[in-house]
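Visitor: Could you take me through this structure, please? I should like to start with how far it can be trusted.

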Amino acid sequence: MTHDSARRPVRRPTRCSVRSGGSPFDNDASDEDLGPEHWFWDERVSGGIFVEHGVHFFDAADALVGSIPQSVQGMLGHRPGSDLVDLAVATTRYPDGAVATFAHGFSHAHRCERQLLRIDFGTAEARVAGWIPVHATVDLWTDDAGAALVETLPARAGELLAVDGHRLADRAAVEVAVRRHAGPAHARDRGHERWLPHHCRITVDLGGEAAKPYVYAESVRAAMHDLVRCVRTGHRPAAGVTEGATAVTVAAAARRAAREEHTVHLGRLPELTASPTTVHPS
């Protein structure tokens, strides 16, 4: 597991429960350095795309939703004229009805790589771009109180993006645009009455593309900070053994679902919200 991915500031504002929507992960990855004999393509060695690569995204979805999935479906795509699998797609379903979809395609040039996380909150949508994300947007409709809250966010950028051990760059910022009375106030979704007259757009920027090496280095620093804290206190890390084992279990289930062409029900997995395990360092 990539322990540092849990310590990336741009994901922090989106870490709340996805109660009624979905969270699609699209990963158009490069195969430019992956020749046909590369170990990545050998499932006996790599575990396949779901296990070698998808675990990071299954773990991220669990953190965003705040629970672990009950079932998973999978589908694989083969390169034309070959048995080589270069596309893996999965869907996970959570106890509260949330659904996450994952698409990983290793068929692009380096310069054509794209990664996008889109989170549907119903009245709001968040988009986080990049494997090392430095930019995110939240587009939402809200009421008077919500619009007033959004207007306070730029002044709270340091608080909103704070991750222990991660030193934000000076250019990191939260910007907002609020259009009051941008549409009819009354709305309705999933059988509920809504009051949504105002449109807001929130932009999180850690310094643009040039900031990626710095953001990555600081994320690794924050991960190490978390691990050292756990050694000293005996508490569990933000992304620990339980989260890693759960993500691998889901990945293996997605691979099985794809091979056997049916839904795999996961049964009981370790709860992510379990009380911290105390470890006594020697």
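Guide: What follows covers confidence, aromatic contacts, one helix and a few individual residues.

Guide: This is a predicted model, in which local features need pLDDT of at least 70 and side-chain atom pairs count only at pLDDT 80 or more, while totals for chains, interfaces and linings use all residues. Residues are numbered from 1 along each chain as its sequence is written, and side-chain values use heavy atoms, with hydrogens and water left out.

Visitor: What is the mean pLDDT of the chain?

Guide: The mean is 88, and 87% of the residues reach 70 or more; pLDDT is the predictor's confidence in each residue, from 0 to 100.

Visitor: Where is the pLDDT below 50?

Guide: It is below 50 over residues 273-282, a stretch with eleven contacts in the model beyond near neighbours in sequence. Contact means heavy atoms within 4.5 Å. Where pLDDT is low, the predicted coordinates should not be read in detail.

Visitor: On to the aromatics. How many aromatic pairs are found in the whole structure?

Guide: The search finds eight. Rings of Phe, Tyr and Trp (its six-membered ring) pair if their centres lie within 6.5 Å; planes under 30 degrees apart are stacked, over 60 edge-to-face, and the rest tilted. One of the pairs joins Phe 40 and Trp 41, edge-to-face at 5.1 Å centre to centre with 80° between the planes.

Visitor: Are Phe 40 and Trp 41 buried or exposed?

Guide: Both Phe 40 and Trp 41 are buried, where buried means under 20% relative accessible area, exposed over 50%, and partly exposed in between (1.4 Å probe, protein chains only).

Visitor: Which charged end sits over the ring of Trp 41?

Guide: That of Arg 79, which is 5.3 Å from the ring centre. The criterion is NZ of Lys or CZ of Arg within 6 Å of the ring centre and within 35 degrees of the ring normal.

Visitor: And what sort of aromatic pair do Phe 57 and Trp 131 form?

Guide: Phe 57 and Trp 131 form a tilted pair, 5.2 Å centre to centre and 40° between the planes. Phe 57 lies in helix α2 (residues 48-65) and Trp 131 in the loop between β6 (124-129) and β7 (135-142), so the pair ties together parts that are 74 residues apart in sequence. Helices (H or I, at least four residues) and strands (E, at least two) are DSSP runs, numbered from the N terminus. Phe 57 is buried at 7% relative accessibility, whereas Trp 131 is partly exposed at 30%. Ring pairs link both residues with Phe 25, Phe 50, Phe 58 and Phe 102 into a cluster.

Visitor: Back to α2, then. Where does it bend?

Guide: α2 bends by about 65° at Gly 54, the bend being the angle between axes fitted to the seven residues ending there and the seven starting there. Of its 18 residues 15 are buried, so α2 is largely enclosed by the rest of the structure. Just after α2, Gly 66 has a positive phi of about 90°.

Visitor: Which residues other than glycine have a positive phi?

Guide: Among them are Arg 190, with phi near 50°, and Glu 261, with phi near 55°. Arg 190 is in the loop between β9 (186-189) and β10 (192-195) and is exposed at 66% relative accessible area. Glu 261 is in the loop between α6 (241-260) and β12 (264-265) and is exposed at 72%.
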